[in-house]
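I opened the notebook with three things to look up: the strands, the cysteines and the nonpolar cores. The entries below follow that order.

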Amino acid sequence: MTANCILERVAETRSTNDDLLERWRAGQLIDPIARIAHKQTAGKGRAGRTWLANSEDSICFSLAFPFKRSPAELTGLSLLVGLAVISGIAQACGLDEEVLHQRGMRLKWPNDLLLNGSKLGGILIEGGQAKSSEPTWMIIGIGINLRNANAIEASLSNLTGLKIASLDQVLQPPSKFPDMEYLWLKIVSALEHHLNEFDRHGFDLFEAQWTKWDAYKDQAVCISGTGQDPLYGVAKGIDHTGALLLQQENTTIAIHAGDVSLRVQS
């Protein structure tokens, strides 16, 4: 972990993402900050949804990171973050990443972590650049289910069809489960390494690596977004910018990450 990352721990807050966004808007961010809360009363998910998590059964935190790149040069960032989270989990659990892959861990474009097809974690990225001469601050929110997947899934009964997984299902035996503080520090360390490499080299460096973890490559999928007609096709991986390649008959189109949802066609 680089020495200039500030670590903050609080018992309770509405949203660690909002906490750091407020500081960015007020011009108060100087060094990278990782902020974790034991309990978030208004945790945020994608598309304005609430991230529902039991504080005892999940880990939720945010990292504010300054990029030298402009916002337009940060394509593929959410995919990169997914790779960093897997790296941090592997280190914290004392496992090789290949073991996690064998046990069913995958990444769902553009911002979810899956375990055997069920949702293990999510990524929410916000932020921007106040002036062209200033760094681009991105606030990266991460939530991971640690244990009691069935209870978490029951609490989401209003979201039909959402299957939930938890990290304890990866470990054999479950007694190898890492301390939450240790897990957090390992993920933050992996994030800093990956984000610095991304800032220097862009997403091209990680394209092949992400493809290995792609949950839906060569599967028939549906892409839907707010106010847009659904798009159907076969997922053919990603391009060097992190855009999803969707094959439709004899044409392949690139779908860029945004407020879109990807699902396997039933």
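**Strand pairing, cysteines, cores**

I began with strands β6 and β7 (residues 136-145), which run antiparallel and are joined by eight bridges. I looked up one of the pairs: Gly-128 has Trp-137 in β7 as its bridge partner. I note here that the model is predicted.

On the other pairing of β6 (residues 118-128), I found strand β5 (residues 112-115), again antiparallel, with four bridges. Leu-113 is bridged to Gly-121 of β6. I then checked the turn and recorded a hairpin of β5 and β6 with two residues between the strands. Asn-116 sits in that turn and has a positive phi of about 50°.

Next I went to the cysteines. How many disulfides does the structure hold? I found zero. Are Cys-60 and Cys-93 buried or exposed? The cut-off for buried is under 20% relative accessible area. Cys-60 is at 12% relative accessibility, so I put it down as buried. Cys-93 is at 5%, so I entered it as buried too.

Last, I looked at the cores. The largest nonpolar core has 63 residues, and Ile-89, Met-105 and Leu-195 have the most contacts inside it. Helix α2 (residues 77-93) gives the most to this core, twelve residues. I listed what Ile-89 touches beyond its neighbours within four places in sequence: Leu-100, Met-105, Leu-113, Ile-144, Leu-167, Leu-183 and Ile-187. Leu-113 is the residue I had entered above as the bridge partner of Gly-121. Apart from the largest core I logged another, of eight residues, including Leu-20, Leu-29, Ile-33 and Ile-139.

How values were computed: Residues numbered from 1 in each chain as written. Predicted model: local features only at pLDDT ≥ 70, side-chain atom pairs only at ≥ 80, totals over all residues. Heavy atoms only, no water. Pairing = 2+ DSSP bridges. Disulfide = S-S within 2.5 Å. Buried < 20%, exposed > 50% of the residue type's maximum accessible area, 1.4 Å probe, protein only. Core = buried A, V, L, I, M, F, W, Y, C linked by side-chain atoms within 4.5 Å. Contact = heavy atoms within 4.5 Å.
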